[in-house]
Amino acid sequence: MSKIKNGLDSRSRDHDGERHQKRSDTKVGTLRHTYGGSTVGYRSDAKLGTVLKANTRDFKEIVQERALRDKEFREGILRESIECLLSGDIKTGKALLRDYINATLGFDKLSKLTKKDSKSLMRMLSLTGNPTASNIFSVIHILQENEGVHYELQAVK
């Protein structure tokens with residue numbers, strides 16, 4: 001694709017309008033020269049990919065750390081997952097359940113409590129998984145017991 005013109009900060013766009021991203025092998029010194037500022041703690045010959053990798057934490061790690069120390073946060077994830085499932089947003093509900101399970105008891109312990117294979121539970125809650133109502137409500141029941149909460153359905157007009 002050919003470039004048509006330079007834009008903000010000398011970034012260029014292709015004919016389809018897509019902006020070129022900085023490559024991971026771009027040197028920190030080049031970024032300092034182009035954009036100014038400083039990248040404290042990194043030499044000029046360090047590569048952008050190295051800097052980004054060192055400064056990026058996995059989202060799941062952040063969720064897990066917060067869930068371990070914040071009971072309200074854990075309960076919120078579980079409650080939100082149930083609300084999503086009941087409102088028909090199955091993909092989001094399953095994703096939240098996966099996050100909750102990974103951040104709390106884990107699939108191995110859940111497997112023992114449900115008497116279902118952990119791989120089967122992971123598949124059931126995957127993006128393409130299609131759990132039966134019996135299986136999903138069994139999992140939710142065990143998660144509520146483990147958390148020490150009980151959610152009740154209430155009609156809203």
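A salt bridge, as I shall use the term, is a side-chain nitrogen of Lys or Arg within 4 Å of a carboxyl oxygen of Asp or Glu. The structure before you is a predicted model, and by that criterion it holds four salt bridges.

Let me begin with Arg 74 and Glu 147. Their side chains meet in a salt bridge, with an N to O distance of 3.1 Å. This pair links distant parts of the chain, since Arg 74 is in helix H4 and Glu 147 is in helix H8, 73 residues apart. Is Arg 74 buried or exposed? Arg 74 has a relative accessible area of 15%, and because buried means under 20%, Arg 74 falls in that class. Glu 147 is likewise buried, at 7% relative accessibility.

Glu 147 has a further partner. Its side chain also meets that of Lys 71 in a salt bridge, at 3.3 Å from N to O. Here Glu 147 lies in helix H8 and Lys 71 in helix H4, so the pair ties together parts that are 76 residues apart in sequence. Lys 71, at 40% relative accessibility, counts as partly exposed.

Which residues do these shared partners join into one network? Lys 71, Arg 74, Glu 75 and Glu 147 are joined in this way. In general terms, side chains of opposite charge can pair when their charged atoms come close.

Another of the salt bridges involves Asp 70 and Arg 66, whose side chains meet at 3.3 Å, again N to O. Asp 70 is partly exposed at 21% relative accessibility, and Arg 66 is partly exposed as well, with a relative accessible area of 36%.

I turn now to the largest pocket. Its volume is about 290 Å³. Helices H4, residues 71-87, and H8, residues 133-147, each supply at least two residues of its lining. How is that lining divided by residue character? There are six nonpolar, three polar and three charged residues. Among the lining residues are Arg 79, Ile 82, Glu 83, His 141, Gln 144 and Tyr 151.

Three further members of the lining, Leu 86, Phe 137 and Leu 153, lead to my last topic, the surface. Together these residues form a nonpolar patch on the surface, with about 370 Å² of accessible area. Of these, Leu 86 is placed in helix H4.

To close, helices H4 and H8 appear in both parts of this account: each contributes to the lining of the largest pocket, and the salt bridge between Arg 74 and Glu 147 links the two.

How values were computed. Residues numbered from 1 in each chain as written. Predicted model: local features only at pLDDT ≥ 70, side-chain atom pairs only at ≥ 80, totals over all residues. Heavy atoms only, no water. Patch = residues over 30% accessible without salt bridge, like charges linked within 9 Å, V, L, I, M, F, W, Y side chains within 5 Å. Areas by Shrake-Rupley, 256 points an atom, 1.4 Å probe, with all protein chains shown as cover. Helix = DSSP H or I, 4+ residues; strand = E, 2+ residues; numbered from the N terminus. 1 Å grid on protein atoms, 1.4 Å probe; cavity = no way out; pocket = protein on both sides within 12 Å on 5 of 7 lines; lining within 4 Å. Points joined across faces, edges and corners; volume = space filled by probe spheres on them. Nonpolar A, V, L, I, M, F, W, Y, C, P; charged D, E, K, R; others polar. Buried < 20%, exposed > 50% of the residue type's maximum accessible area, 1.4 Å probe, protein only.
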